[in-house]
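Opening my notebook on this one. I wanted to look at how some helices pack, then at the enclosed space.

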Amino acid sequence: MSSPDAPIVVLDSGLGGLTVVRALRATLPYDDILYFGDTARVPYGSKTAATVTSFVRQIIAYFREFSPKHIVIACNTATALSLATVRGEFPDLSISGVIEPGARAAVAAAGSKVAPVIGIIATEATIRSRAYERAIHRRRTLARMLLRPTPLLVPIIEEGRNPDDPLVKLALHQYLSPLLQRAIDVLVLGCTHYPILKSAIEAMVGHEVSVIDSADRCAEDVARRLMSAGLLRAGSSDQRASGSLRCFVTDDSPRFATLAGRFLGMEIEPATWVSTEELHAGERALPLRRAI
Ligand code: DGL
């Protein structure tokens, strides 16, 4: 039985899930957040489902000891490839992802159009999984989708490039031009890293295209889930003004702290390093071994 004071775990391959952390801190300011960036193994988007599922299983097994009230897979790739599997493997934990909230928001942004044209940019693995197509078609059968893998964006963002960097603009131009030629109504940022470049993306697509930020939608979804489970943490005068944030990484590069602090607009405590050996050992100790 969980409690409102238990932490929320947010996990991603690197910096991208911080976009969800930022949105969560705005939506649920009193909650404690444990953030995991798998910085030694980023990017996930070029890896197979078996590999990514093994990583996600290891991270969840590691955080089970913290008795979290909710775990957010703040990574579209990991959501697409692993969410259903790990939900089955950890039935005692509440786990959600980013694709359903993103798809819901895309359809809402299309308004009353029966056959809207929806562009989706994401990692190669997310596009290949067809998870967004399925989630959108369930809600709007006649929606037409233009899917574009954008594999350079995660490394560019992990390198700390700003939205106004010429290299960022060049990559976005290359990736977005074919979508813009087809007059999309909505553009889904199908990777939690991409909202870091949202200002550049919005400037490029113009205001007729609704840009869907999967991070914001995911935070709203988590708040809804906690509220219906009676697990929202309320603020009170004898409590801290805001919840805490503790970060964990698999490669403790100084870049993570700098970029994370810059992105969140706050000083963050040095991250706790978790070795991949420790994660592997945790996976091996799980009672139910499954074929991967
Ligand atoms: N933030 C992850 C996502 O949403 C990035 C995946 C990667 O590491 O390639 O897909």
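**Helix pairs**

I started with H1 and H11, and H1 passes H11 in a right-handed crossing. (A crossing is right-handed if the near helix is turned clockwise from the far one by less than a right angle, left-handed if anticlockwise; helices are DSSP runs of H or I with at least four residues, numbered from the N terminus.) Note to self: this is a predicted model, where local features need pLDDT of at least 70 and side-chain atom pairs pLDDT 80 or more, while totals for chains, interfaces and linings use all residues. Numbering runs from 1 along each chain as its sequence is written, and side-chain values use heavy atoms, with hydrogens and water left out.

I looked up the geometry: the axes of H1 (residues 18-27) and H11 (residues 254-264) come within 10 Å and cross at roughly 35°. Axes here are lines fitted to C-alpha atoms over the stretch in contact, with angles from 0 to 180 degrees between N-to-C directions. H1 brings Leu 18, Thr 19, Val 21 and Arg 22 to the contact (heavy atoms within 4.5 Å), and H11 brings Ala 260, Phe 263 and Leu 264. I get 5 nonpolar, 1 polar and 1 charged for that contact. (Nonpolar is Ala, Val, Leu, Ile, Met, Phe, Trp, Tyr, Cys and Pro; charged is Asp, Glu, Lys and Arg; the others, Gly among them, are polar.)

Next came H2 (residues 49-64) on H3 (residues 76-89), with an angle of about 50° and axes 9 Å apart. That angle is why H2 counts as oblique to H3 (not under 35 degrees, over 145, or 65 to 115). Their crossing is right-handed. On the H2 side I found Ala 49, Val 52, Thr 53, Val 56, Arg 57 and Ile 60, facing Ala 78, Leu 81, Ser 82, Thr 85, Val 86 and Glu 89 of H3. The split is 7 nonpolar, 3 polar and 2 charged.

**Cavities**

How many cavities of 30 Å³ or more are there? The search of the whole structure gave me 2. (A cavity is a set of points on a 1 Å grid over the protein atoms alone where a 1.4 Å probe fits but cannot get out; lining residues have an atom within 4 Å of a point. Volume is the space filled by probe spheres set on the points, which are joined across faces, edges and corners.)

The largest has about 70 Å³. It has 14 lining residues, with Ser 13, Cys 75, Thr 77, Thr 123 and Cys 191 closest to its centre. That lining is 5 nonpolar, 8 polar and 1 charged.

The second largest holds about 40 Å³. I noted several of its lining residues, including Ile 120, Arg 130, Tyr 132 and Leu 147. H6 gives the most to this lining, with 3 residues.

Methods: On a 1 Å grid over the protein atoms alone, a cavity is a set of points where a 1.4 Å probe fits but cannot get out, and a pocket is an open set with protein on both sides within 12 Å along at least five of seven lines; lining residues have an atom within 4 Å of a point. Helices (H or I, at least four residues) and strands (E, at least two) are DSSP runs, numbered from the N terminus.
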